[in-house]
Structures are given as structure tokens and as C-alpha cells.
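Visitor: I am new to this structure and would like a close look at a single part of it. Could you choose one place and take me through it slowly?

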Amino acid sequence: MEETIRTEMRRNQPRIAIGDISTAGGRISFFVRDAGQVDPAVERVRALTTGVGVTGQRDWDVRVVDSNRVIVTPTEAGLADAVDKAMQVATEVVRKRIDELGTREPTIIRQGRARIVVQVPGLQNPEALKALLGKTAKLEFKLVDITASPTDLAQGRAPVGSQVLAYPDNPLGVPLIAVKRSVLISGDQLIDASQGFDQRTNAPVVNIRFDGAGGRKFARVTQENVNKPFAIILDNQVISAPNINEPILGGQAQISGNFTVESANQLAIALRSGKLPVALKVIEERTVGPDLGADSIRKGVIAGVVATVALILFMLVTYARFGIYTSLALAVNGFLVLGVMAMIGATLTLPGIAGFVLTIGAAVDANVLINERIREEQRRGRGPIQSVEFGYKEASRAIFDANVTNVISAVIMFVFGSGPVRGFAVVLAIGIVTSVFTGVTFTRLLVADWLKRNRPKEIVI
């Protein structure tokens with residue numbers, strides 16, 4: 001609201017000159033320099049308020065005191081509506097931070113008016129999760145006030161129009177810095193954030209990218225303030241205050257600080273998922289062991305082992321040596337899927353297990369198509385090498401076509417789905433790619449090596 005009021009006074013004609021905006025005491029107040037413009041200023045601010053609830057009460061109350069001072073105070077209805085909207089946004093932000101890929105299957109629900117219950121299965125590091133959820137991730141870029149004297153800073157005082165913020169990593173050794181109150185650009189215009197490394201020092205950094213409007217604004221701001229320091233502020237604490245040596249074009253910037261790879265990655269996740277509208281505090285924490293699900297896990301493992309053994313026996317009886325190659329491909333496919341999931345930090349939940357089972361079926365289907373095609377080429381009178389060559393060549397077309405449609409389905413589920421649906425889609429997409437590799441490329445290498453070493457005159461398949 002503060003920035004909106006400032007913009008409204010400057011944008012419309014006639015422009016209304018106002019003093020510094022104060023946000024002390026949970027309300028917004030400012031002076032109108034020209035007493036004749038007080039009424040127009042009040043009208044403009046009232047136009048920014050909206051009605052809430054069935055009564056139509058405004059969310060902000062606007063009044064004038066001392067003839068030229070305007071005070072904007074949130075109403076009870078406005079506060080209640082703001083809390084409700086903030087909790088809705090906070091719930092979604094928490095979900096994005098915990099489960100970007102949908103592979104953890106957390107339970108995140110609102111409880112009462114101002115609480116969120118978060119349940120995460122398979123959590124190994126509760127402290128890291130609490131730190132991530134407690135980060136508001138409010139990112140702002142402001143100019144450094146170079147006119148502030150060290151003496152005033154030490155006493156927590158800043159020039160008019162500026163504020164004093166903590167700067168723990170200040171190279172000057174002073175843990176405080178003065179910055180302008182006006183926000184040059186905020187994190188609301190971010191569209192991406194990722195952990196990277198500084199090309200000069202190889203230190204961990206966070207690379208950020210703005211949307212079109214944010215990129216243009218960032219370019220204009222840096223063009224107008226060359227050779228001036230600006231502060232990168234996260235949750236009202238300065239993490240870096242570099243000098244603008246030249247205009248920064250292209251809508252991309254870099255946040256550097258005293259980061260580790262893990263902390264830079266955590267910050268990137270927080271920025272990428274959006275800022276929290278309210279600060280969250282952990283008021284209760286419980287850890288529940290896996291005893292309740294132990295029986296289900298045991299039965300699931302037994303079912304999986306029985307099904308896999310039955311499948312391997314069927315392939316061995318039906319395709320002999322080629323059944324061995326198929327079984328090896330299934331084992332390699334399983335390790336690849338689990339390896340990729342471990343790389344992205346995914347938890348194998350029930351939807352993920354369903355996707356995993358489907359990929360095993362897809363891998364078997366691929367080898368069945370290939371083996372049957374080789375049999376067909378043999379019946380046509382082709383030799384062993386030609387049968388294998390034509391079998392893989394012809395079957396691969398159908399395999400690739402079928403799996404491309406599966407990948408498209410997985411992508412659609414990931415884009416439009418949420419929670420368990422996205423987790424299923426991620427595992428399915430990974431499994432399809434690995435099953436095509438193991439079912440076609442891996443088994444082909446094994447068969448080619450066998451043909452090269454043994455030169456059989458016929459293939460028993």
C-alpha cells in the first residue's frame with residue numbers, strides 16, 4: 001500500500017507533493033505539502049481501498065489530522081480479509097517450497113484462522129525444512145544512502161527518507177548500513193532463481209531473472225544510478241551492497257554473499273516459490289515413526305518381488321537368452337530410475353511407486369516387441385545378424401512412437417496437476433526415458449556383443 005500511494009500521487013495529474021511516508025504503528029501516514037491538495041489526496045487514497053465482506057466495509061480507513069496529515073488505518077474487516085488472503089497465499093508458497101516436483105506427497109492444510117499444518121513423509125532434516133519455511137523471502141533492491149555518517153549509523157539513525165538495516169557481511173566492518181526507503185525493484189517481478197557459481201571467485205551465488213517489466217525497470221534503474229552502490233535486501237537484512245559499474249541489461253542479476261552451496265540453493269528455492277506474505281513460526285513439531293505403515297511396506301515389497309520374479313521367469317521361458325538380456329535391462333532400468341530420483345531429492349511415495357511399476361511394464365513391452373519382431377524376421381528366412389538388425393530397427397519405431405505419447409501425457413499431468421499427480425508424472429517421465437534406453441540401446445549392445453563373439457548360425461528365441 002505504501003508504494004501504491006506514492007505512485008498514485010506522482011502518476012496522476014496534477015501531481016501531489018507529499019512528505020516521507022511512515023508505516024509506524026501498523027498504519028500509513030504522510031504529509032501533504034500543499035494544504036489545498038489535501039482533499040484530492042484523500043480521494044485518491046480512498047479510491048485505492050476496496051470493500052470486503054457482505055457489509056461492504058472498506059479495508060482501509062482514511063482520515064485527515066492536523067489539517068494536512070493523512071492517516072490510513074486498516075479496518076477490522078480489512079485485517080480479517082488480509083489475514084485470510086495471506087494464509088491462502090502462504091499455504092501455496094509452503095507447498096511449492098516443500099514439493100516443487102510433487103514427489104514428496106506432503107500434507108499441507110490450514111488449521112483455524114492463522115495456522116498451517118505441514119506433514120512431510122520421509123523427512124531427514126527437520127531443521128533445514130524449518131529454516132526454509134521461516135524465510136519470508138522478501139527481496140528488494142534499494143539505493144545505499146552514502147550521505148549517512150558513521151556516527152549516526154552507530155546510533156541507529158538515518159537521514160530523512162532513509163532507514164538503517166543490518167548488514168552482517170559489510171566489508172567495512174560496520175554491521176549497519178543506511179538505504180533509501182524507496183524500493184527500486186522488488187522480488188515480485190522475479191520469474192526464476194537458481195543456485196550457481198561466480199565466474200571470478202567460484203563462490204556460490206544465486207542467479208535471478210526478472211520478467212519483461214521487471215527487466216526493463218532494472219535496466220532503467222541501473223542506467224540512472226551508474227557508479228552508485230545499491231543494496232540487495234532479503235527479509236529486511238542487507239546481504240550484499242555492490243556498486244553499479246555499468247547498466248545491467250537483459251533482466252538478469254546475481255546475488256552474492258557469504259553463501260554455501262546449500263544455503264544458496266535454499267535461497268533460490270525460497271525466491272522461486274515466491275515470498276511469504278506473513279512470517280511463519282513453528283509452534284509445534286512432532287516426528288512419527290514408520291510403524292503405522294510398516295505392514296503396508298512389507299506387503300508392497302513382497303508383492304513387488306513376487307511380480308518381478310514371475311516376470312523374469314516368464315521372459316526366460318519364452319525368450320531364452322534374450323529373456324536374460326531383458327531381465328538385465330529391467331534391473332538396470334530400476335537402478336537408473338532410483339538414481340535419478342535420488343539426484344533430484346525425490347521421495348518414492350505411492351503415486352511414485354505406481355509410476356515406477358508402469359515404467360517396468362513399458363520396458364518389458366519394448367523387449368517383447370523387439371523379440372517378436374526378431375522371430376518374425378527369422379520366419380522370413382533372414383540370418384541371425386539380419387534378423388536382429390531388422391528386428392531392432394523396425395520395433396524401435398513403434399517403441400519410440402508409443403513412449404513419446406506417454407511422455408506428452410506425463411508433461412501435461414505435471415503442468416496442470418498438483419501434489420501426488422505431479423509426483424506420478426515425474427516418476428513416469430523418468431521411467432519412460434530410462435526404459436527406452438535400457439530396452440533398446442542397452443539390450444542391443446548385449447545382443448551385438450554376443451553375436452560378435454559367437455557368430456551363431458541360428459538364434460533360439
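**A cluster of aromatic rings and the sheet beside it**

Guide: Phe 218 has a relative accessibility of 2%, and because buried means under 20% relative accessible area, Phe 218 counts as buried. Please keep in mind throughout that this is a predicted model.

Phe 218 belongs to one aromatic cluster, whose members are Phe 141, Phe 210, Phe 218 and Phe 230. A search of the whole structure finds 6 aromatic pairs, and one of these brings together Phe 141 and Phe 210, whose ring centres are 6.0 Å apart and whose planes stand at 65°, so that the pair is edge-to-face. Phe 141 is part of strand β8, which covers residues 139–143, while Phe 210 is part of strand β13, covering residues 204–210, and the pair therefore ties together parts that are 69 residues apart in sequence. Both Phe 141 and Phe 210 are buried.

Phe 141 also forms an aromatic pair with Phe 218, again described as edge-to-face, with 5.5 Å from centre to centre and 65° between the planes. This second pair likewise links distant parts of the chain, since Phe 141 sits in strand β8 and Phe 218 in helix α6, made of residues 212–224, with the two positions 77 residues apart. As for Phe 141 itself, its relative accessibility is 2%, so Phe 141 counts as buried.

From Phe 210 we can move on to the sheet that contains strand β13. This is an open sheet of 3 strands, arranged in the order β12-β13-β16 with antiparallel pairing. Its edge strands are β12, residues 190–197, and β16, residues 252–255, each of which pairs on one side only. On average, and with direction ignored, neighbouring strands of this sheet are turned by 25° against each other. Between β12 and β13 the antiparallel pairing extends over 7 bridges, and in β13 it is Arg 209 that serves as the bridge partner of Asp 192.

Helix α6, the home of Phe 218, packs on this sheet, where α6 touches β13 and β16 and its direction makes about 110° with that of β13. Another helix, α7, formed by residues 261–273, lies across β12, β13 and β16 and runs at about 175° to β12.

Methods
Residues are numbered from 1 along each chain as its sequence is written. This is a predicted model: local features need pLDDT of at least 70, side-chain atom pairs count only at pLDDT 80 or more; totals for chains, interfaces and linings use all residues. Side-chain values use heavy atoms; hydrogens and water are left out. Rings of Phe, Tyr and Trp (its six-membered ring) pair if their centres lie within 6.5 Å; planes under 30 degrees apart count as stacked, over 60 as edge-to-face and the rest as tilted. Helices (H or I, at least four residues) and strands (E, at least two) are DSSP runs, numbered from the N terminus. Buried means under 20% relative accessible area, exposed over 50%, partly exposed in between (1.4 Å probe, protein chains only). Two strands pair if DSSP finds at least two bridges between them. Axes are lines fitted to C-alpha atoms, for helices over the stretch in contact, and angles run from 0 to 180 degrees between N-to-C directions. Contact means heavy atoms within 4.5 Å.
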